[in-house]
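Please look through the sequence and the model together before reading on. The report below describes the strands, how they pair, and two residues in loops.

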Amino acid sequence: MIDYIGYTFNGWYTEPNGQGDRLYNNNPSSPWIYTDVDTAYAYLTPNEYTITYVPNGGTITSTEQTVVYDESYTLYVPEKSGYTFLGWYLNDNLFSNGIWKIDSNITLTAKWEPNKYKGTLSHISTGLHFYYQLDKNDG
């Protein structure tokens, strides 16, 4: 049997990509169906894996995403009012879009930074009461 990281072996065939006749049923100890075959092609299919998202107080369309080994993927983008999204982290490592090359399911955690605002603080006195007002300007 063939063991190839990120793929499942689906048998031997007379043509590439699982085409033609199947030579045996995934069981390497079973007898070959054909004895006069010169070339046998292994048929491998990429495995599917799951990304689980922990939005860490943010909102996201779905907390799970299916990805396929050796195929491109795009991570979901969460939102959180009053915060800037810094990225998805696997342990302490920033994780980004790309080609899936991990042969397991993973959990990603969102990291956030509170938004900073520039503003003017003014002191208003009316008799014995004092008020402070912060005029917020994004910046």
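What follows is a short report on this chain.

This is a predicted model, in which local features need pLDDT of at least 70 and side-chain atom pairs count only at pLDDT 80 or more, while totals for chains, interfaces and linings use all residues. Residues are numbered from 1 along each chain as its sequence is written, and side-chain values use heavy atoms, with hydrogens and water left out.

The chain has eleven strands and zero helices, where helices (H or I, at least four residues) and strands (E, at least two residues) are DSSP runs numbered from the N terminus. Of its 139 residues, 22% count as buried, a term that means under 20% relative accessible area, with exposed meaning over 50% and partly exposed in between (1.4 Å probe, protein chains only).

Strand 9 (residues 106–114) runs parallel to strand 3 (residues 48–54), and four bridges join them; within this part of the model, Val54 stands opposite Thr109 of strand 9. Strand 9 also pairs with strand 6 (residues 83–90), here in the antiparallel sense and over six bridges, and Gly87 has Lys111 in strand 9 as its bridge partner. Two strands count as paired if DSSP finds at least two bridges between them.

Two residues that are not glycine have a positive phi, as the table shows.

| Residue | Phi | Loop between | Relative accessibility |
|---|---|---|---|
| Asn17 | near 60° | strand 1 (7–13) and strand 2 (41–46) | 60%, exposed |
| Asp70 | about 70° | strand 4 (64–68) and strand 5 (72–73) | 30%, partly exposed |
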